[in-house]
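Trainee: I would like to go through this model with you, starting at the ligand and then moving to the strands.

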Amino acid sequence: MRFMKKINKGYIPLSIPDITTKELHNAVACLKSGWLSTGKFNFELEERIRKYTGSKEAICVDSCTAGLYLSLLVSGITAGDEVITTPFTFAATANVIVHCGAKPVFCDIDPDTYNIDSRKIVKKLTKRTKAIIPVHFAGHPCDLERIYDIAERHGLTVIEDAAHALGSAIKGRRIGSYNGITCFSFYATKNITTGEGGCITLNDSDIARRIRVLRYHGIDRDAWKRYGKGGNWRYEIIEAGYKNNLSDLQASIGVAQIKRITQLQARREEIARIYNMGLCGYPGIVLPKAGSGITHSWHLYAVRIKNKEFGMGRDEFIAAMDKEDIGTSVHYIPLHLHAFYRKKYGYKKDDFPIAEAISAEIVSLPMFTRISNANLKRVIKTIRSIR
Ligand SMILES: *Cc1c(COP(=O)(O)O)cnc(C)c1O
């Protein structure tokens, strides 16, 4: 693609969206169609996400964050409730819990997968616990078997933050098909993108109907049905809803992306293999593990730098890579160490020692489908010679 050519020159960024003429073509078709808001491209994208994940319902929204918030609302999460989640995640996962007036109760992570440690969840349960939000870190699926079992036994809702996990699966069953509510992100760096956007999948059609209403002002009919030929001009507001629908201009790009998901996923797997082969056995670098029976979406390729054995610490590593024109990033600084969560809930250092120890060592390497194999080799060679 001529317009993407300069990507593999000079600086290697952490991530770049994979845009082809197919995305351009769909966006132009949408612009020419006279309908830019939620319409046929949204329905096509929802249908394709539904089929791909194996869920009964798919509802596009303008962000994964909005999806998580609406999921909490329809699950009845309200002031005084508690929601158990991981501290090893992006701001959105816990912020939406706060928006509902509920308390985010963090639970430490598994040292192998960096996901919420399902063996530690039960100890966090109180009478106020209403839901669990597992996050599939980097695209490695959480231990959903145990998490859904705990939820069932204690009457809790599971809301999966699957921002990283489109394409992930456990024993062939895709993330998004389980019986809770799952939220995907189409943010610019995610495995498929619409610039900004997201999608909620679930199997309960009644809850899905309520999410569709809340997504669009609490109105019981979508605009395109009202304004189309033969459409009904009547509508009723049944709740004070929100404005979280996805535009067709964005959805048109998403349709082109999801049509290419198999190829995009295969390339991410190939990149992970190249990194694994190039870096395995190198002293002081801990590679990501993929548990048996799982499909990893490889949204991130996050390694850990062991100061002593590697010869430098993580922060030095990032600075040295930057000097060599290679972009990296840290996913994540644990949420409980951020000012707001310390002040509001009294969380402090040493509360979640595994998340803290891993956070101090972790660094994400460039991971995007458009990276050339030559540049991948450059990243590996640089890491092996940087100290
Ligand atoms: C990107 C991300 C989100 C938020 O997604 P948006 O679509 O930007 O709202 C939520 N959780 C995690 C773990 C993410 O990486």
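Mentor: What follows is a set of questions and answers on a predicted model.

Trainee: How many residues surround the ligand, and how do they divide into nonpolar, polar and charged?

Mentor: The shell around the ligand holds 16 residues. The closest are T65, D161, H164, S185 and K190. By class, the shell divides into 7 nonpolar, 7 polar and 2 charged.

Trainee: Which side chain has a polar atom 2.7 Å from an oxygen atom of the ligand?

Mentor: A polar contact here is a pair of N or O atoms within 3.5 Å. A polar backbone atom of C64 is 2.9 Å from a ligand oxygen, and an N or O atom in the side chain of K190 is 3.1 Å from a ligand oxygen. The side chain with a polar atom at 2.7 Å belongs to H164.

Trainee: What share of the ligand's area does the protein bury?

Mentor: Taken alone, the ligand exposes 390 Å². Of that area, the protein buries 93%.

Trainee: Which elements give two or more residues to the shell around the ligand?

Mentor: Two helices meet that condition. They are α3 (64-74) and α4 (91-99).

Trainee: Are the two faces of β1 covered or open?

Mentor: In a regular strand the side chains alternate between the two faces of the sheet. In β1, E57, I59 and V61 lie on one side, and A58 and C60 on the other. Each of these residues is buried, so the threshold of under 20% relative accessible area is met on either side. Both faces of β1 are covered.

Trainee: In β9, which residue is the bridge partner of V61?

Mentor: Strand β1 (residues 57-61) is joined to β9 (residues 198-202) by 5 bridges, and the two run antiparallel. The partner of V61 in β9 is G198.

Trainee: Do β2 and β3 run parallel or antiparallel, and what hand has the unit they make with α4?

Mentor: Strand β2 (residues 82-85) and β3 (residues 103-106) are joined by 4 bridges and run parallel. One of the pairs sets V83 against P104. With α4, the two strands make a β-α-β unit that is right-handed.

Trainee: Which residue of β4 stands opposite I84?

Mentor: β2 is also joined to β4 (residues 129-133) by 4 bridges, again in parallel. The residue opposite I84 is I132.

Trainee: Which are the edge strands of the open sheet β7-β6-β11?

Mentor: The sheet has 3 strands with antiparallel pairing. An edge strand pairs on one side only. That leaves β7 (173-174) and β11 (294-295).

Notes:
Residues are numbered from 1 along each chain as its sequence is written. This is a predicted model: local features need pLDDT of at least 70, side-chain atom pairs count only at pLDDT 80 or more; totals for chains, interfaces and linings use all residues. Side-chain values use heavy atoms; hydrogens and water are left out. A residue is near a molecule or strand if one of its heavy atoms lies within 4 Å of it. A polar contact is a pair of N or O atoms within 3.5 Å; within protein, one must be able to donate a hydrogen and the other to accept it, and residues adjacent in sequence count only if both atoms are side-chain atoms. Accessible areas come from the Shrake-Rupley method with a 1.4 Å probe; for residues, only the protein chains shown count as cover. Ala, Val, Leu, Ile, Met, Phe, Trp, Tyr, Cys and Pro count as nonpolar, Asp, Glu, Lys and Arg as charged, and the others, Gly among them, as polar. Buried means under 20% relative accessible area, exposed over 50%, partly exposed in between (1.4 Å probe, protein chains only). Two strands pair if DSSP finds at least two bridges between them. A crossover is right-handed if, with the strands pointing away from the viewer, the path from the first strand over the helix to the second runs clockwise.
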